[in-house]
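Please look over the sequence and the structure below before reading on. The briefing that follows takes up aromatic rings, a serine and the surroundings of a ligand.

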Amino acid sequence: MTDTLSLLKLRRSVPPQFLSAPGPEGAQLDELLAIAARVPDHGKLVPWRFIVFSGSGREKAAEVVARVFRARNPEASEEQVAVERQRLLHAPVVVAVVSRAREHVKIPIWEQELSAGAVCMAMLVAAHAMGYAGSWLTGWFAFDREVLTEFGLGEDERIAGVVHIGTPTAPITDRTRPVMSEIVSHYGE
Ligand SMILES: Cc1cc2nc3c(=O)[nH]c(=O)nc-3n(C[C@H](O)[C@H](O)[C@H](O)COP(=O)(O)O)c2cc1C
């Protein structure tokens, strides 16, 4: 089996709580994003972009999430607020894949959004191939307009995925995978 097939067969998500430094940075992070940008893209519209959260930017973003959570949940305890703040602070590198799908004469929005999903997956696979691990998550804040505006998203932009990348700190057991006979059919047989 080729290395690529082994990687695809064995890859699984590692939750952010089990990701720590080091993560990709500098030229390696640039390479990771360039690989993620090589996905099928009908019409070559580039209907997605990246926002990287690392270093002090990651801390700032975590504060935004905590502040908006507190405003939305005035009865929340300090512990609950701390959990929300921590969401972006586990993995050393967090990348938001922003979908900027727009009405187009030929290319449906659905196809543009699918392309953004492909970006997330390509990024995860490439991160694993570089020796890191990761998770593709969203969570409430990825749908909260105030948070999105603070992160610099326009009104017509959405988050397709928040990809957390780092070095796994613990072995993660695999989850149940689909029963292939339940999801594969052969047309005409
Ligand atoms: C668009 C999208 C958003 C997701 N958001 C979350 C999330 O917010 N929280 C969560 O626990 N899993 C979320 N997941 C699921 C995880 O990424 C992942 O599928 C799961 O942990 C198992 O991963 P694996 O099949 O790669 O091992 C999301 C998946 C997708 C495709």
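In this predicted model, Phe 50 has a relative accessible area of 24%, a value that lies between the limits of 20% and 50%, and therefore counts as partly exposed. Its ring partner is Trp 48, with which Phe 50 forms a tilted aromatic pair, and Trp 48, with a relative accessible area of 5%, is buried. Trp 48 also appears among the contacts of Ser 115, a residue placed in helix α5.

**Aromatic rings**
- A pair of aromatic rings is described by the distance of the centres and the angle of the planes.
- Across the whole structure, a search finds four aromatic pairs, and one of them joins Trp 48 and Phe 50, whose ring centres are 6.4 Å apart with 45° between the planes.
- Trp 140 and Phe 141 have ring centres 6.0 Å apart and planes at 85°, which is over 60 degrees, so this pair is classed as edge-to-face.
- Trp 140 is partly exposed, with a relative accessible area of 28%, whereas Phe 141 is buried, with a relative accessible area of 2%.
- Trp 140 and Phe 141 belong, together with Phe 69, to one aromatic cluster.

**Ser 115 in helix α5**
- Helix α5 covers residues 109-129, and Ser 115 has its place within that helix.
- Ser 115 has a relative accessible area of 4%, which is under 20%, and so the residue counts as buried.
- The side chain of Ser 115 reaches the backbone oxygen of Pro 40, with a distance of 2.8 Å.
- When neighbours within four places in sequence are left aside, the residues in contact with Ser 115 are Val 39, Pro 40, Asp 41, Pro 47 and Trp 48.

**Surroundings of the ligand**
- The residues around the ligand are Arg 11, Arg 12, Ser 13, Trp 136, Leu 137, Thr 138, Gly 139, Ala 160, Arg 175 and Arg 177.
- By character, this shell is made up of three nonpolar, three polar and four charged residues.
- Two side chains of the shell come to oxygen atoms of the ligand through polar atoms: that of Arg 11 at 2.9 Å, and that of Ser 13 at 2.5 Å.
- From the backbone, a polar atom of Gly 139 lies 3.2 Å from an oxygen atom of the ligand.
- The ligand taken alone exposes 630 Å², and the protein buries 58% of that area.

Key
Residues are numbered from 1 along each chain as its sequence is written. This is a predicted model: local features need pLDDT of at least 70, side-chain atom pairs count only at pLDDT 80 or more; totals for chains, interfaces and linings use all residues. Side-chain values use heavy atoms; hydrogens and water are left out. Helices (H or I, at least four residues) and strands (E, at least two) are DSSP runs, numbered from the N terminus. Buried means under 20% relative accessible area, exposed over 50%, partly exposed in between (1.4 Å probe, protein chains only). A polar contact is a pair of N or O atoms within 3.5 Å; within protein, one must be able to donate a hydrogen and the other to accept it, and residues adjacent in sequence count only if both atoms are side-chain atoms. Contact means heavy atoms within 4.5 Å. A residue is near a molecule or strand if one of its heavy atoms lies within 4 Å of it. Accessible areas come from the Shrake-Rupley method with a 1.4 Å probe; for residues, only the protein chains shown count as cover. Ala, Val, Leu, Ile, Met, Phe, Trp, Tyr, Cys and Pro count as nonpolar, Asp, Glu, Lys and Arg as charged, and the others, Gly among them, as polar. Rings of Phe, Tyr and Trp (its six-membered ring) pair if their centres lie within 6.5 Å; planes under 30 degrees apart count as stacked, over 60 as edge-to-face and the rest as tilted.
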